[in-house]
Amino acid sequence: MKRTNRMLAALLALTPAAAVAQGVIVAPHAVFIDHATRSGSITLYNPGENPVEVTVSFGFGYPTTDSAGSMSVEVADSAPANEPAATAWLQAFPRRVTIGQQERQTIRLLASPPAGLPDGEYWARLIVSAKGGQVPVAGTPDSGAITVGLTLEVRTVIAVVYRKGSLSTGLTLAAPSATYANDTVAVRIPMTRTGTAAYVGTARVRVLDAKGALKGEDERALGVYYTLDPRVDIPVGPLAPGTYKVVVTLSTDRGDLPPKAVLPAPPARDSVEFTVR
Amino acid sequence: MNTASKLSLAVLALTLVGASAAQAQSANITATATVLTPLTLTGTANLAFGNVFPGIAKTVAVTDATSGRFTIAGNPGSQVSMTFTLPANLTGPGSLAIGTWTGDHNNTNTTGGTLFTPSGAATLATLDAGTGNRFLFIGATVTPTVAQAAGAYSGTITLNVVYTGL
Amino acid sequence: MTRTLLLGLALLALPRALPAQSVTGIRNLTFGTVIPGVPTTVLQNDAVRSGQFRIAGVIVRNVTIGFTLPTVMNGPLGATMPITFLNNSAGFTTVFQGNTPFNPNTPYNETVWFNATITLGGRVNPTPTQRSGNYTANIVMTVIFL
């Protein structure tokens with residue numbers, strides 16, 4: 001066994017598992033940049049007891065749904081050519097930093113859009129990767145042993161939205177559907193964005209019985225970039241035979257975002273009935 | 001009386017002349033703060049297999065004390081999408097196969113929540129409506145060969161988290 | 001001796017009629033962006049973020065300075081965030097006296113020479129689930145001219 005391996009094995013064995021907590025707080029959870037200022041910032045904070053190495057990069061992606069209505073946000077290094085992407089002309093400063101224990105660091109985001117950029121909304125994802133400088137726990141320091149451990153890295157991905165000009169958004173809500181099985185009402189909400197910017201809002205779904213009594217509800221944040229058809233599962237317990245109504249309300253209320261970041265749009269509302277036999 | 005003393009007396013006189021009944025004046029300012037919505041990811045415990053032996057596979061279950069552990073903290077009630085970047089082999093004196101990944105996520109810091117496969121497609125989770133927390137537990141199996149070289153093997157588990165609502 | 005001479009010269013330079021004594025709020029106490037679960041402190045000698053008051057229009061006056069301090073800041077949808085002031089969260093500066101920290105939680109007696117600047121820091125302690133948004137609180141400084 002090489003000397004370096006023996007040393008590493010001994011170090012692995014001596015490192016306590018409980019001391020590895022490493023991570024970073026990223027705030028806010030979305031950045032909105034106006035063409036007039038062309039800059040934004042995020043704050044990173046290391047709440048742990050050890051320094052954290054942080055790297056910042058950009059990618060591209062937005063929420064989509066699959067045929068089953070399951071949400072996902074696939075983030076790629078670069079954007080397809082036809083997408084309104086800001087990925088290529090956003091820069092972060094610094095891009096790599098070590099944040100000491102219980103210290104904060106501001107990351108500046110600067111945009112250098114191409115000349116003649118048309119009015120519109122341009123999207124990117126900011127990826128904040130953090131890992132600690134420690135090695136994992138392992139077994140007894142024995143020169144003949146095989147010791148195994150894996151370290152952890154975390155990547156926080158947040159939306160970056162760049163806006164130029166006067167923008168609008170809205171939503172067309174197609175007919176929702178609802179099915180009841182296993183004490184749960186599964187609601188599909190097909191939506192298509194209108195206007196010139198992504199729709200950022202909230203979907204509220206309520207299940208009512210024939211007398212209007214609330215049987216279950218759900219509230220979910222939405223970002224509709226083009227189309228979305230999410231499935232919302234609402235636990236309602238055993239339902240007696242009868243007719244029930246699902247009421248869907250979409251609005252641009254977002255308590256987690258600053259008001260000026262949310263483009264206003266008229267609320268959309270629809271309902272669907274289902275029967276339990 | 002020297003000059004300084006004269007001046008002091010002048011000051012005293014002015015003070016007395018200027019003195020009047022106690023009176024109060026007030027002024028206001030405002031304290032301001034802007035609270036940002038954060039997203040916090042923390043790797044709280046590495047996935048540790050300890051000693052393994054050539055030719056004998058070893059599994060760390062999500063319920064084991066040495067499972068890998070993450071914590072997500074964010075906007076209460078929000079849905080997040082979680083994906084993992086996982087190694088197929090660990091590096092050391094040679095290459096050591098790792099696989100059969102298992103996962104469990106829960107709103108409390110205990111297993112017994114929702115089982116998932118970290119090596120699969122994105123996993124959705126809703127942060128606790130009260131605390132905004134979600135706890136993840138990761139297990140796996142390493143399969144050393146009968147001729148596996150002794151030494152320390154390591155790799156990295158990467159957790160990617162993104163809000164689905166923005 | 002030097003101080004007295006300076007004072008004498010300053011008195012000679014005084015206009016015949018001083019403006020009325022005044023107490024003015026000059027600058028808000030600004031915590032800026034705050035992360036839930038992470039306390040944020042502004043020092044009273046922070047040149048940008050500390051709150052600032054000014055007492056003016058006197059020659060020499062003994063004063064008692066008192067504050068009406070909030071215990072919470074008010075935010076969106078009725079949310080509140082704790083705010084505290086430590087025993088050195090205020091500072092007093094006048095012509096012949098550099099910044100002197102004092103406790104804003106109790107009345108403070110000082111002598112104002114011509115004018116004085118009072119600075120105020122503080123500490124906010126957001127909970128880990130603190131609702132996002134803007135928070136404000138009113139701070140009142142009352143000066144009793146003795």
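Reader: What pattern does chain C follow when it is read along the sequence?

Author: Chain C follows the pattern α-β-β-β-β-β-β-β-β-β-β-β-β-β. That corresponds to one helix and 13 strands. These terms denote DSSP runs, numbered from the N terminus: H or I over at least four residues for a helix, E over at least two for a strand. The model is predicted, and local features need pLDDT of at least 70, side-chain atom pairs count only at pLDDT 80 or more, while totals for chains, interfaces and linings use all residues. Residues are numbered from 1 along each chain as its sequence is written, and chains are lettered from A and ligands numbered from 1 in the order in which they are written.

Reader: What makes β1 and β9 of chain C edge strands?

Author: Two strands pair if DSSP finds at least two bridges between them. In chain C, an open sheet of five strands with antiparallel pairing has the order β1-β4-β11-β8-β9. Its edge strands are β1 (22-27) and β9 (97-102), since each pairs on one side only. From one strand to the next, the twist averages 20 degrees; for such angles, axes are lines fitted to C-alpha atoms (for helices over the stretch in contact), and the angles run from 0 to 180 degrees between N-to-C directions.

Reader: How do you know that β8 and β9 of chain C pair?

Author: Four bridges join β8(C), residues 90-94, to β9(C) in the antiparallel sense. The definition asks for at least two, so β8(C) and β9(C) count as paired. In β9(C), C:F102 is the bridge partner of C:A90.

Reader: Which residues of strand β5 of chain C are buried?

Author: A residue is buried if 20 or more other C-beta atoms lie within 10 Å of its own, exposed if 12 or fewer, and partly exposed in between, with C-beta atoms placed from the backbone. Along β5(C), residues 60-68, the buried residues C:R61, C:V63, C:I65 and C:F67 point to one face. C:V60, C:N62, C:T64, C:G66 and C:T68 point to the other face and are not buried. In a regular strand the side chains alternate between the two faces of the sheet. Over chain C, with its 146 residues, 34% count as buried.

Reader: Which strands pair with β5(C), and over how many bridges?

Author: β5(C) pairs in the antiparallel sense with β10(C), residues 108-113, over six bridges. β5(C) also pairs in the antiparallel sense with β13(C), residues 133-145, over six bridges. C:V63 has C:E110 of β10(C) as its bridge partner, and C:G66 stands opposite C:T142 in β13(C).

Reader: Why is the largest nonpolar core said to lie between the two domains of chain A?

Author: A nonpolar core is a set of buried Ala, Val, Leu, Ile, Met, Phe, Trp, Tyr and Cys residues joined through C-beta atoms within 7 Å. The largest has 140 residues, and among the members that touch the most others are A:V24, A:V160 and B:V161. β11(A) gives the most to this core, with 11 residues. Domain 1 (3-164) and domain 2 (169-276) of chain A both give residues to the core, so the core lies between them; these bounds come from an automatic or database domain assignment.

Reader: How many residues of each domain of chain A are in contact with the other domain?

Author: Two residues are in contact if their C-beta atoms, placed from the backbone, lie within 7 Å. By this test, 12 residues of domain 1 touch 12 residues of domain 2. On the domain 1 side, β2 (30-34), β5 (63-65) and β10 (120-132) of chain A each supply at least two residues. That side of domain 1 divides into six nonpolar, four polar and two charged residues. Here Ala, Val, Leu, Ile, Met, Phe, Trp, Tyr, Cys and Pro count as nonpolar, Asp, Glu, Lys and Arg as charged, and the others, Gly among them, as polar.

Reader: Which strand of chain A supplies the largest share of the side that touches chain B?

Author: The contact between chains A and B takes 52 residues from chain A and 53 from chain B. On the chain A side, the largest share, 14 residues, comes from β11(A). By class, this side has 32 nonpolar, 15 polar and five charged residues.

Reader: What makes β11(A) and β3 of chain B a pair of strands?

Author: Five bridges join β11(A) to β3(B), residues 47-52, and the two run antiparallel. Set against the required two, this number meets the definition, so the strands pair. A:L150 has B:L47 of β3(B) as its bridge partner.
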